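Me: I've got a structure open and I'd like to learn how to read it. Can you walk me through it, feature by feature?

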Amino acid sequence: MADPRGFLKHRERELPKSRPVPVRLLDWKYVKDELDKDPEALNRQAGRCMDCGIPFCHQGCPLGNLIPEWNDLVWRGQWDDALDRLHATNNFPEFTGRICPAPCETSCVLGINQPAVTIKNIEVSIIDEAFERGTVKPLEATRQTGRTVAVVGSGPAGLAAAQQLTRAGHTVAVFEKDDRIGGLMRYGVPDFKMEKIHIDRRVAQMEAEGTRFRTSTEIGKDIKWDDLRARYDAVLICTGSTVPRDLPIPGRRYRGIHFAMPYLTQSNKVAAGDTVERQITAKDKHVIIIGGGDTGSDCLGTALRQGAKSVTTLAIGVQPSEQRDPKSQPWPTHPMLFDVSSSHEEGGERKFLASSVEFLADEDEHVTSLRLARTQIMPDGTRGPAPGTEEEIPADLVLLSMGFTGPQRDTLGQLEHIGFTPRGTVARNDQFATAVDGVFVAGDAGRGQSLVVWAIAEGRAAAAAIDTYLTGSTELPAPVTARTLALRA
């Protein structure tokens with residue numbers, strides 16, 4: 001245990017400051033002030049960890065991160081050992097430490113009657129310190145198996161699986177349809193949440209370990225799925241859940257109404273220095289974002305940086321509580337609470353119980369406003385607009401951010417016998433295997449839209465299953481099965 005009385009002496013959470021809103025809205029850099037480092041505050045927070053007899057933070061995180069161990073090592077100043085314990089369960093803590101909502105913290109035992117330990121900040125501090133010291137090194141395989149694996153998709157699940165399989169001695173090629181590696185972390189997550197240097201230096205490490213990357217290659221079009229399966233001993237599908245949920249109301253066809261992901265992708269390309277013709281931009285526009293999740297928050301921060309006149313975020317449900325309800329969302333489950341992201345701090349208006357009724361347009365069929373109403377619960381349990389509560393709000397740009405329904409199915413159908421679940425995900429067994437021999441699926445393509453920690457956990461577990469398929473046994477860890485569920489009420 002780090003400090004036996006740490007949680008008694010230091011009862012408050014201490015986190016690095018964010019850059020001032022007027023300053024950070026002028027650029028695309030990370031919102032946190034990365035120069036604001038307070039080693040003593042970090043030491044105090046690590047010392048608050050109680051090293052519980054049953055550390056529920058392990059269950060809150062599907063990776064099974066050894067949180068009390070690296071908290072103790074940080075408190076003692078043993079940074080190299082802390083890095084080893086961090087990497088023992090997580091290939092990419094610099095990703096999770098920035099964009100994960102930290103279910104480990106909501107299941108922290110200290111959180112029962114005190115603010116939880118700042119686990120996420122300690123995690124990212126360990127890996128950032130390691131990169132600064134140059135202690136993150138390639139780990140090359142001690143032997144080569146002669147077996148080949150194709151990983152389709154370079155998001156967190158694909159990258160985690162590829163790194164594990166490469167280190168096990170297999171020859172691994174990662175195929176990515178975009179021009180850069182990273183999947184939705186690259187083009188769906190804005191730089192103000194995670195700058196892309198964190199992806200680039202991991203890719204460099206993986207290349208040094210022997211992983212091969214093939215960008216601008218879409219499987220199903222550039223290479224047929226059956227041809228890929230014939231060329232490699234095993235194939236892992238990590239294409240993500242990329243089919244957006246639409247909003248079929250009158251006026252949906254009008255110009256100026258877009259899905260969120262093309263908008264974010266274009267913005268991220270421009271931030272990377274690319275030129276995007278006919279870019280979707282919020283500059284000088286009244287913007288409406290339909291959907292109150294993380295992607296909607298990313299759209300909000302992006303629109304504010306582009307110089308929007310106004311931004312309104314609409315959510316069809318009720319505004320969540322700011323405090324955990326011990327009856328409906330008891331500890332240690334991950335509660336649904338009112339979230340104020342860094343983008344929400346920067347501006348914009350949020351409306352809850354808002355049902356979209358109809359888009360209105362000018363004579364050129366470009367959207368000008370949205371008619372909405374208050375949400376009511378129907379007798380059959382569905383939600384819809386309450387009569388007599390309509391209002392109209394201006395809209396020059398509408399971004400649909402209502403989640404995703406599953407992976408692209410058109411080209412996957414090239415694989416004979418591939419199956420899909422009623423939820424639209426690729427069907428698989430407990431060991432991530434599909435009905436096609438030698439073809440596996442991990443991440444959002446098999447689980448459905450989920451968190452970055454689940455993607456990495458599934459990538460690691462799928463790598464263990466593929467290693468077993470290829471060699472008959474494995475020493476790779478498998479933190480989850482394809483049926484493991486999040487800890488919820």
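Reply: Sure, we'll go from the whole chain down to a helix, a residue and a pocket. Keep in mind that this is a predicted model.

Me: Let's start wide, then. How many helices and strands are there in the protein chain?

Reply: The protein chain has 18 helices and 14 strands. For overall shape, you hold the radius of gyration up against a rule for globules. Here the radius of gyration is 23 Å, close to the 23 Å that the globule rule gives for 489 residues, so the chain is as compact as a globular protein of that length. Its C-alpha atoms fill a box of roughly 70 × 60 × 50 Å along the principal axes.

Me: What share of the residues is buried?

Reply: Buried residues make up 52% of the 489. As for contacts with a separation of 6 or more, 68% of them come from residues 24 or more positions apart. The accessible surface is about 22000 Å², with 50% of that belonging to carbon and sulfur atoms.

Me: Now a single helix. Is H5 mostly covered or mostly uncovered?

Reply: For a helix, check how many residues are buried, then what they pack against. Helix H5 (residues 67–75) is mostly covered, with seven of its nine residues buried. Among them are Trp70, Asn71 and Asp72. The buried residues of H5 pack against several helices, including H3 (39–47), H6 and H9 (119–133). Just after H5, Gly77 has a positive phi of about 75 degrees.

Me: How about one residue: is Ser125 buried or exposed?

Reply: Here you compare relative accessibility with a cut-off, and buried means under 20%. Ser125 comes in at 18% relative accessibility, so it counts as buried. This serine lies in helix H9. Setting aside neighbours within four places in sequence, Ser125 is in contact with Leu42 and Trp79.

Me: And pockets? Which residues are closest to the centre of the second largest pocket?

Reply: With a pocket, look at the volume first and then at the lining. The second largest pocket holds about 370 Å³ of space. Of the 19 residues lining that pocket, Asp84, His87, Ala88, Leu139 and Arg167 are the closest to its centre.

Me: Which helix supplies the largest share of that lining?

Reply: That's H6, with four residues. Helices H6 (79–87), H10 (156–167) and H12 (197–209) each supply at least two residues of the lining. By chemistry, the lining of the second largest pocket divides into six nonpolar, seven polar and six charged residues.

How values were computed: Residues are numbered from 1 along each chain as its sequence is written. This is a predicted model: local features need pLDDT of at least 70, side-chain atom pairs count only at pLDDT 80 or more; totals for chains, interfaces and linings use all residues. Side-chain values use heavy atoms; hydrogens and water are left out. On a 1 Å grid over the protein atoms alone, a cavity is a set of points where a 1.4 Å probe fits but cannot get out, and a pocket is an open set with protein on both sides within 12 Å along at least five of seven lines; lining residues have an atom within 4 Å of a point. Grid points are joined across faces, edges and corners, and a volume is the space filled by probe spheres set on the points. Ala, Val, Leu, Ile, Met, Phe, Trp, Tyr, Cys and Pro count as nonpolar, Asp, Glu, Lys and Arg as charged, and the others, Gly among them, as polar. Buried means under 20% relative accessible area, exposed over 50%, partly exposed in between (1.4 Å probe, protein chains only). Contact means heavy atoms within 4.5 Å. The radius of gyration is taken over C-alpha atoms; the globule rule is 2.2 Å times the number of residues to the power 0.38. Accessible areas come from the Shrake-Rupley method with a 1.4 Å probe; for residues, only the protein chains shown count as cover.
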